[in-house]
Amino acid sequence: MKIKFNLNKKDVIVDVDPSMRLLDVLRNVLHLTGTKEGCGEGSCGACSVLVDNMPYDSCLTPVINVMNKQVMTIEGIRESKEYETIANSFAKMGGSQCGFCTPGMIIVTYALLMKNPNPSEEEIRLALSGNICRCTGYQAIVNAVKDASKGGKHE
Amino acid sequence: MNSYIPTSLEEALKILFEHDCYILAGGTDLMVQNHRSSGLLPTFKKDVLFTSQIEGLDYIKVINNELHIGANTKYISMIESKFVPTMLKNVFVEIASPSIRNMATLTGNINNASPAADGTVPLILLDARLVLQSKDNKREISVDDYLIGFKKTDRKPNEMVTEIIVPLTDHKYLWRKVGSRKAESISKVTFLGAYKTSNNKISDFRIALGCVSIKPVRSKQVESKYIGLTIDELKNKKDEIVNDYNQLIEPVTDQRSNKEYKRKVAINLLKSFIDSIK
Ligand SMILES: Cc1cc2nc3c(=O)[nH]c(=O)nc-3n(C[C@H](O)[C@H](O)[C@H](O)COP(=O)(O)OP(=O)(O)OC[C@H]3O[C@@H](n4cnc5c(N)ncnc54)[C@H](O)[C@@H]3O)c2cc1C
Ligand code: FES
Ligand code: FES
């Protein structure tokens, strides 16, 4: 079936089974491999993408559920000016080690800061609560998000 | 397996009349249950009807002091709605994770009919009802009557849930979800107690307990014993109340915790609810 959606600000049409996971459409059909697969069952957030500006787990999303919607992956976020701020803060604060969780962490950080430019620590932790990191112990990521936020010391 | 992608309710009901289908809303239960390894399509054993393209099932409105929630409404819309009471919001913000709350529906939570579902606990406490529609029929049923067993509902194969109706009340309440961590934990025990007072007397008293039976436990018969008492009289009957609920609940041991633990936690939450009444 031909399914149309907007991906990273461009319209795309894919000819796939409507039950195919958005994650597989992105990685295997469209060859955008920035979106990662960790658990494959909604528990880790490595596969986070934005759908109409809200984080979704692409591993649980049948592609039909994003028909005619706007999808943003890390490849699209990279083109934004906010990305630079967030990426610099992650680098500066040690918010990324092996990097596997990082695309997902940046996606949820981006969504949080667009909605709430000056989040409290509690709001940051809540926004990151669906994303697992096996390396950093989280504090460095929370610090990175704080740094990237309006109240942060990011220059 | 065939996929059906209706764009109207009428079309959806016609498809359900003609084909035996899974109904997939957010997919956060069904995509996990039918997941295969990476890169492979999910293994649905029946045809699938996807509800995401149906127009007009995503709404929240208040009619005659009752909340009407369209079947396709996501948790996030309810959490952000000015019509939804804080009791429900407090339950919803503890379900799953932020992304799953953006994707998933309360309708899916009810229909998955898991004993560990969080969303059904306040619905049973508030006497919520469901609207079910098929090609030729429309009926209403209470959530309590709809949930008939472990992962079993009263839905006929050609029916779908189209609306959830929740009476609005101003009870004081205590909600507690006990899980292994704060986000993304399937509950071990959930507790929701609610009451109203007038002239120092208990004018309403309700308790719903989750994860301690095949569906949330509520007994109007037990509740009615305590309505009309003064607050002090109620507190003096704490042992009797504990005894009543000890008999009603039947927790079983599962991967997450054993039945003795669940019973103890449920009763402790009940006690702290009674202590909190003022
Ligand atoms: C990581 C993770 C964490 C979770 N945490 C929690 C939690 O903390 N608490 C909790 O309660 N749940 C939790 N869940 C379970 C799940 O997210 C919820 O049950 C959710 O509400 C399901 O909604 P959905 O729209 O995604 O349902 P779907 O998966 O689309 O459907 C679920 C069931 O509902 C049926 N259905 C859907 N729409 C209709 C309709 N209109 N009429 C009739 N039947 C219908 C489907 O056929 C299916 O049986 C979690 C799931 C995951 C993956
Ligand atoms: S891969 Fe999707 S949440 Fe883990
Ligand atoms: S940096 Fe390795 S998982 Fe987060």
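**Ligand site, domains and chain interface**

In this predicted model, α6(B) makes the greatest contribution to the shell around ligand 1, with five residues. Helix α6 of chain B spans 106-112. It is one of several elements of chain B, including β2 (21-24), α2 (30-33) and β10 (160-167), that each supply at least two residues of this shell. In all, 33 residues surround ligand 1, and those that come nearest are B:I23, B:T28, B:D29, B:Y75 and B:T105. By residue class, the shell consists of 15 nonpolar, twelve polar and six charged residues. The site is shared between chains, because the residues that surround ligand 1 come from both chain A and chain B.

Oxygen atoms of ligand 1 take part in polar contacts with chain B. At B:L30, a polar backbone atom is 2.9 Å from an oxygen atom of the ligand. A side chain is used at B:N109, where a polar atom lies 2.9 Å from an oxygen atom of ligand 1. For B:K177, an N or O atom of the side chain is 2.8 Å from an oxygen atom of ligand 1. Of the 990 Å² of accessible area that ligand 1 has on its own, 93% is covered by the protein.

The two chains that share the ligand site also contact each other, with 30 residues of chain A meeting 33 residues of chain B. The size of an interface is often expressed as the accessible area lost when the parts come together. Between chain A and chain B, about 2400 Å² is buried, and carbon and sulfur atoms give 58% of this area. On the chain A side, A:S19, A:L60 and A:N65 supply 22% of the area buried against chain B, more than any other three residues of the chain.

Chain A is divided into domain 1, covering 2-76, and domain 2, covering 81-149. The C-alpha centres of these two domains of chain A are 21 Å apart. Contacts between them involve 16 residues of domain 1 of chain A and twelve residues of domain 2 of chain A. The area that the two domains of chain A bury between them is about 1100 Å², with 73% of it on carbon and sulfur atoms.

Chain B is likewise assigned two domains, domain 1 (3-167) and domain 2 (172-276). Their C-alpha centres lie 26 Å apart in chain B. In chain B, 23 residues of domain 1 are in contact with 22 residues of domain 2. About 2000 Å² is buried between domain 1 of chain B and domain 2 of chain B, and 59% of that area comes from carbon and sulfur atoms. Within domain 1 of chain B, the residues B:E94, B:V121 and B:L125 supply 29% of the area buried against domain 2 of chain B, more than any other three residues.

Notes:
Residues are numbered from 1 along each chain as its sequence is written. Chains are lettered from A and ligands numbered from 1 in the order in which they are written. This is a predicted model: local features need pLDDT of at least 70, side-chain atom pairs count only at pLDDT 80 or more; totals for chains, interfaces and linings use all residues. Side-chain values use heavy atoms; hydrogens and water are left out. A residue is near a molecule or strand if one of its heavy atoms lies within 4 Å of it. A polar contact is a pair of N or O atoms within 3.5 Å; within protein, one must be able to donate a hydrogen and the other to accept it, and residues adjacent in sequence count only if both atoms are side-chain atoms. Accessible areas come from the Shrake-Rupley method with a 1.4 Å probe; for residues, only the protein chains shown count as cover. Helices (H or I, at least four residues) and strands (E, at least two) are DSSP runs, numbered from the N terminus. Ala, Val, Leu, Ile, Met, Phe, Trp, Tyr, Cys and Pro count as nonpolar, Asp, Glu, Lys and Arg as charged, and the others, Gly among them, as polar. Domain bounds come from an automatic or database domain assignment. Contact means heavy atoms within 4.5 Å. Buried area is the accessible area (1.4 Å probe) that two parts lose on being put together, summed over both.
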